[in-house]
Amino acid sequence: MSLLVTGTVAFDAIETPFGKTDKIIGGAATYVSLAASYFTKQVGLIAVVGDDFPQDYIDLLNQKGIDTSGLQIKSGEKSFFWSGRYFNDMNSRETLITELNVLADFDPIVPEALSAPDYLMLGNLAPVVQSTLISRLSKRPKLVVMDTMNFWMDIALDDLKKTLTMVDVLTINDEEARQLSGEYSLIKASRIIRAMGPKYLIIKKGEHGALLFHEDQVFFAPAMLLEDVFDPTGAGDTFAGGFIGYLASTDDISFENMKRAIIYGSAMASFCVEQFGTDNILNIDPNLLKARVEAFRQLSYVDFLK
Ligand code: AMP
């Protein structure tokens, strides 16, 4: 099934207790589309960059089968730039710089060939761009998944709430769920957020896993225990790409299948954090992915029948 992805395609500068990078390639849509490309070969990208963005990297996305005909390149302008620093526990970070640059007046133009996706992933970017994109599609996708972050809650809350009424699944982290709902309890927060629109809510808890809420059901998936975590940047987006990529490839949006999709998303995210930036998700061996999914299954499997 076809999948359309939007979000930032960006330069990131990252500081972790293990090191520091200069400007490297990042962006929500970069991570989402790369992760999803392991599951479906019909991934289209709607995004914007400046002419400072390397053509080599766009070629690389194309080699992964990602259709970049909806990636606008603005001459004379600079790509979105984000810089962040992780604290010692690697589970929390602070944003040091957000330069919208080319994103400030992004008008998401959807090429005809990409205008009727079966699945839509609204990666992190301005909520008004996310809702504009939905309104420009020629049919409503089977499933619309949205990601966002505190930055947009701070500066564009009304737009964000409007976009929330148009989506099926929201993925955010625990801190953002608390900010959006004004509730500390994640169960109460999940009810308040689902009343804003999305029937499904995924709350990401970094190294502590992820929760999926729907009606009165809750599913919890742990995160993979890793010896070394170098850089958590993009883990949430890689998770989302694996999640929606798996759903698109199986074309089954039941709660049961969403549980599997969460495990695939978590497995993809576990690869992401093992290296800086997108390095580790450019070439994941399918056998390693299979082994990691199996390791996830074992992590919390208990046979009560014996
Ligand atoms: P994650 O670690 O999954 O939350 O995503 C990190 C990625 O999000 C980085 O590659 C950034 O370029 C991108 N990013 C950071 N801030 C924003 C923002 N305000 N809007 C959209 N993308 C952002």
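## Helices α9 and α10

In this predicted model, helices α9 and α10 lie oblique to each other, because their axes cross at roughly 120°, an angle that is neither under 35 nor over 145 degrees and falls outside the 65 to 115 range. Helix α9 covers residues 255-272 and helix α10 covers residues 286-299, and their axes come within 9 Å. The handedness of this crossing is right-handed.

If you would like to pick out the contact on screen, look on the α9 side for Ile-263, Tyr-264, Ser-266, Ala-267, Met-268, Ser-270 and Phe-271. Their partners on α10 are Leu-288, Leu-289, Arg-292, Val-293 and Phe-296. Sorted by class, the contact has 9 nonpolar residues, 2 polar and 1 charged.

## Helices α3 and α5

Now to another pair: α3 spans residues 127-135, and α5 spans residues 157-164. Their axes approach within 8 Å and cross at roughly 30°. Angles under 35 degrees count as roughly parallel, so α3 and α5 are roughly parallel to each other. Here the crossing is left-handed.

From α3, the contact draws on Pro-127, Val-128, Gln-130 and Ser-131, while α5 supplies Asp-159, Leu-160, Lys-162 and Thr-163. The class make-up of this contact is 3 nonpolar, 3 polar and 2 charged residues.

## Leu-60

Leu-60 sits in helix α2, which runs over residues 55-63. Is Leu-60 buried or exposed, or partly exposed? Its relative accessible area is 25%, so Leu-60 is partly exposed.

Leu-60 also offers a long-range pairing to look up: Leu-282 is 222 residues away along the chain, yet the C-alpha atoms of the two leucines are separated by 8.9 Å.

Key. Residues are numbered from 1 along each chain as its sequence is written. This is a predicted model: local features need pLDDT of at least 70, side-chain atom pairs count only at pLDDT 80 or more; totals for chains, interfaces and linings use all residues. Side-chain values use heavy atoms; hydrogens and water are left out. Axes are lines fitted to C-alpha atoms, for helices over the stretch in contact, and angles run from 0 to 180 degrees between N-to-C directions. Helices (H or I, at least four residues) and strands (E, at least two) are DSSP runs, numbered from the N terminus. A crossing is left-handed if the near helix is turned anticlockwise from the far one by less than a right angle, and right-handed if clockwise. Contact means heavy atoms within 4.5 Å. Ala, Val, Leu, Ile, Met, Phe, Trp, Tyr, Cys and Pro count as nonpolar, Asp, Glu, Lys and Arg as charged, and the others, Gly among them, as polar. Buried means under 20% relative accessible area, exposed over 50%, partly exposed in between (1.4 Å probe, protein chains only).
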